[in-house]
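Welcome, and thanks for stopping by. Please take a moment with the sequence and the structure, and then we can walk through some of the details together.

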Amino acid sequence: MTEAAILTLSVQETHRAGVVLGAVVQAGDVVALSGGLGAGKTALVQGLADGLGVVGHVPSPTFNILLVHPGTLRLNHFDLYRLERPEELVDIDFWETVESDGVSAIEWADRFPAELPADRLDVEMDVLDETTRVLRAVGTGPRSRRLASDWIRVWAASGGAVTA
Ligand SMILES: Nc1ncnc2c1ncn2[C@@H]1O[C@H](COP(=O)(O)OP(=O)(O)OP(=O)(O)O)[C@@H](O)[C@H]1O
Ligand SMILES: [Mg+2]
């Protein structure tokens, strides 16, 4: 089944899409983000953090690889951009962290597709122009397919734009 995609016209809207995602995620959910430099992955995760009640600034984890934030659910925020080999994931306890409670958001997840959990929400962010982004959410298993449809449904119900 092809899901509709989320359309955002500003960074604030992408942030709000993240807040909405935070309202529908459950402990253990994994969000795998791809889309290139400046697509808006961090902006989306900052909204997700807000939605999970994370207090304080949520910086890009590009240099730390993993930043963990307490919230109503713990947010495990990864950025795999600087990793060169999958073996380096061992150093950050990647699999243990992803399998633990909390919600994991993984920027540049497409760098290591073979290391991702089987059931995850793939979110591909496309840059249409300077201020417009398309967020294509595809669940790769039963759990994440439910998450994808919940996210789009609540986004559209709250007035958010969708596209085919
Ligand atoms: N609709 C939009 N959604 C998200 N960001 C937008 C949008 N329109 C413009 N922007 C701008 O695009 C940039 C997105 O930056 P962000 O750090 O979130 O991207 P990223 O995908 O995390 O990049 P990186 O690969 O470097 O981690 C910001 O400068 C933001 O202001
Ligand atoms: Mg980023």
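## Ile92 and its surroundings

Setting aside residues up to four places away in sequence, Ile92 touches Ile65 and Leu66, where contact means that two C-beta atoms, placed from the backbone, lie within 7 Å. You will find Ile92 in the loop between strand 4 and helix 3 (94-99). Helices (H or I, at least four residues) and strands (E, at least two) are DSSP runs, numbered from the N terminus. Ile92 counts as partly exposed because it has 17 C-beta neighbours inside 10 Å. A residue is buried if 20 or more other C-beta atoms lie within 10 Å of its own, exposed if 12 or fewer, and partly exposed in between, with the C-beta atoms placed from the backbone. Ile92 and Phe78 are 14 residues apart in sequence, and their C-alpha atoms are 9.6 Å apart in space.

Before going further, a word on the source: this is a predicted model, in which local features need pLDDT of at least 70, side-chain atom pairs count only at pLDDT 80 or more, and totals for chains, interfaces and linings use all residues. Residues are numbered from 1 along each chain as its sequence is written, while chains are lettered from A and ligands numbered from 1 in the order in which they are written.

## Two loop residues with positive phi

Ile65, one of the residues that Ile92 touches, sits in the loop between helix 2 and strand 3. Its phi is near 70 degrees, a positive value in a residue other than glycine. With 19 other C-beta atoms within 10 Å, Ile65 is partly exposed.

Asp93 lies in the loop between strand 4 and helix 3. Although Asp93 is not a glycine, it has a positive phi of about 55 degrees. Asp93 has 13 C-beta neighbours inside 10 Å, so it counts as partly exposed.

## Helix 2, mostly covered

How many of the eleven residues of helix 2 (residues 41-51) are buried? Ten of them are, so to speak of helix 2 as mostly covered is fair. Among the buried residues are Lys41, Thr42, Ala43, Leu44 and Val45. They pack against helix 1, strand 2 (30-34), strand 3 (66-69), strand 4 (75-79), strand 5 (103-107) and strand 6. Helix 2 is followed by Gly53, which has a positive phi, near 75 degrees.

Leu48 is a good residue to look up in helix 2. It counts as buried, with 28 C-beta neighbours inside 10 Å. Leaving aside neighbours within four places in sequence, Leu48 is in contact with Gly18, Leu21, Gly22, Leu75 and Ala105. Leu48 and Ala105 are 57 residues apart along the chain, yet their C-alpha atoms are separated by 8.9 Å.

## Helix 1 against helix 2

Helix 1 and helix 2 pack with their axes 6 Å apart, at an angle of about 45 degrees. Axes here are lines fitted to C-alpha atoms, for helices over the stretch in contact, and angles run from 0 to 180 degrees between N-to-C directions. The two helices are therefore oblique to each other. Angles under 35 degrees count as roughly parallel, over 145 as roughly antiparallel, 65 to 115 as roughly perpendicular and the rest as oblique.

Helix 1 passes helix 2 in a right-handed crossing. A crossing is right-handed if the near helix is turned clockwise from the far one by less than a right angle, and left-handed if anticlockwise. Residues making the contact include Gly18, Leu21 and Gly22 of helix 1 and Leu44, Gly47 and Leu48 of helix 2.

## Helix 4 and its buried face

Helix 4 (residues 142-157) has 16 residues, which at 1.5 Å a residue should span 22 Å, and its end C-alpha atoms are indeed 22 Å apart. The expected span is 1.5 Å times one less than the number of residues. Which residues of helix 4 are buried? They are Ser144, Leu147, Ala148, Trp151, Ile152 and Trp155. Seen down the axis of helix 4, these buried residues fall within an arc of 125 degrees, so they line one face; the arc is that of the directions from the helix axis to the C-beta atoms. On the other side of helix 4, Pro142 and Ala157 are exposed.

The cover over the buried residues of helix 4 includes strand 1 (5-8), helix 1 (11-24) and strand 8 (161-163). Just after helix 4, Gly159 takes a positive phi of about 95 degrees.
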